[in-house]
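Reader: I'd like a close look at just one part of this protein, namely a small sheet and what surrounds it. Could you take me through it slowly?

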Amino acid sequence: MRFIIFGPPGAGKGTYASRLGSKLKIPKISTGDMFREAIKQDTDLGKRVAQFVNKGELVPDKVAIEILEERISKPDSENGFILDGYPRTIAEAKALDQSPTMDAIIRLIVPEWVIIERLSNRRTCRNCGAIYNVKYLKPKKEGVCDRCGGELYQREDDKPKVIRERLRVYEAQTRALIDYYKGKVPFVDIECRSVDVPPETIVKKIQRKLQKMSLIK
Ligand code: ADP
Ligand code: ZN
C-alpha cells in the first residue's frame, strides 16, 4: 500500500490522507507537516526551511528528498504509507523512483474557488497538526483541537498573499507531475466540486475505488 495523494494546495490532501491512513493502518507522511514541526522546534532543519515555507515557496529539492527518504526508511513505513505533499517537483519524483514503485496516485480534482475558500478559512492545530475549517469543518470548541486540546492557529502560508504564491508554484512546478506519472502509476481520480462535502464521504469514495482496483481489502 504505497500511495501518493496529489492535488493543488487546499485540495484536502492532509485531511483525507490522515483519515485514510488510520483506516488502512499506514502512516500519512507529510513533508509539509515535518517542515512545520522543525520550524516550531527551531531545529537546524527548521532554520533552513522557514524562509521558504512561510513565503509559500518550495523547499530546495535536496532538502525535501533527504527528509522524505529518511522518513520512509523507518519501520512504520514497511507496510506502506500515504505521501501527502511529496513529490512536488520532477527531481523529487525521480528520487522517489529509486525506491519500490507506488501503487496509485489519488488525484484530487478541485475547482479553484473551493481551494481559496478552504485555505483562507483553514485552521491547524499547533500541537498535533489536525486540520479544521472555521466555516465547514468546525472544532467542537472554537479555537481548540478536538483531538488533543491544542491551540488552533492560521498558518502563515494560509494568508491570502501567500496562498496566491502557493497556487502559482503548484502550476509552475507540481502540475507537471501528472504527465510524469501518466502510464507509470495508476491514477485514482476523485472529484470534489463543493466545499461542504464531509471528509468521510470523500474518504469512502477513495476506499471504494482502491478496493475496485484490488489495491486494498
Ligand atoms: P499544502 O497545504 O500547500 O499542500 P503543505 O503543508 O503540504 O501545504 O506544505 C507547506 C509548505 O512546505 C510548502 O508550501 C513548501 O514550502 C514546503 N514543502 C512541503 N513539501 C514539500 C516538498 N515535497 N518539496 C518542497 N517543499 C515542500
Ligand atoms: Zn491537536
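Which residue in β6 stands opposite Thr-124?

Author: It's Ile-131: in β6, that residue stands opposite Thr-124. Before we go further, keep in mind that this is a predicted model, where local features need pLDDT of at least 70 and side-chain atom pairs count only at pLDDT 80 or more, while totals for chains, interfaces and linings use all residues, and side-chain values use heavy atoms, with hydrogens and water left out. Residues are numbered from 1 along each chain as its sequence is written, and chains are lettered from A and ligands numbered from 1 in the order in which they are written.

Now, the sheet. Its strands run in the order β6-β5-β7, making an open sheet of three strands with antiparallel pairing. (Strands are DSSP runs of E with at least two residues, helices are runs of H or I with at least four, and both are numbered from the N terminus; two strands pair if DSSP finds at least two bridges between them.) β6 and β7 stand at the edges and have a single partner strand each, so one side of each is left without a neighbour in the sheet.

Let's walk along β5, which covers residues 122-125. Three bridges tie β5 to β6 in the antiparallel sense. You've already met Thr-124 and Ile-131, and another facing couple is Arg-123 in front of Tyr-132 of β6. Between these two strands the chain makes a hairpin with five residues in between, and there Gly-129 takes a positive phi near 85 degrees.

Then look at β7, made of residues 152-153. Two bridges join β7 to β5, and the two run antiparallel. Here Cys-125 stands opposite Leu-152 of β7.

Next, stay with Ile-131, since this residue takes us off the sheet and into a pocket. Ile-131 is among the residues closest to the centre of the second largest pocket, as are Ser-18, Arg-19, Ala-130 and Arg-147. There are 16 lining residues in total, and the pocket holds about 280 Å³ of space. (On a 1 Å grid over the protein atoms alone, a pocket is an open set of points with protein on both sides within 12 Å along at least five of seven lines, a cavity is a set where a 1.4 Å probe fits but cannot get out, and lining residues have an atom within 4 Å of a point. Points are joined across faces, edges and corners, and a volume is the space filled by probe spheres set on them.)

Who builds this lining? Both α1 (13-24) and β6 (131-133) supply at least two residues each, and α1 gives the most, with five. Sorted by class, the lining is a mix: five nonpolar, five polar and six charged residues. (Ala, Val, Leu, Ile, Met, Phe, Trp, Tyr, Cys and Pro count as nonpolar, Asp, Glu, Lys and Arg as charged, and the others, Gly among them, as polar.)

While you're at α1, step into the loop between α1 and β2 (28-30), where you'll find Lys-25. Lys-25 has a phi near 60 degrees, which is positive even though the residue isn't glycine. Most residues other than glycine have a negative phi, and most peptide bonds are trans. The second half of that rule has its own exception here: the bond from Tyr-86 to Pro-87 is cis, with omega near -5 degrees. Pro-87 sits in the loop between β3 (81-84) and α5 (90-96).

Pro-87 also leads us to a cavity, which makes a nice contrast to the pocket. The model has one cavity of 30 Å³ or more, and the largest cavity has a volume of about 40 Å³. Along with Pro-87, its lining consists of Ile-4, Phe-6, Ile-105, Leu-177, Ile-178, Tyr-181 and Phe-187. β1 (2-6) and α8 (177-181) each give at least two of these residues, with α8 giving the most, three. The classes come out as eight nonpolar, no polar and no charged residues in this cavity lining, whereas the second largest pocket has six charged residues in its lining.
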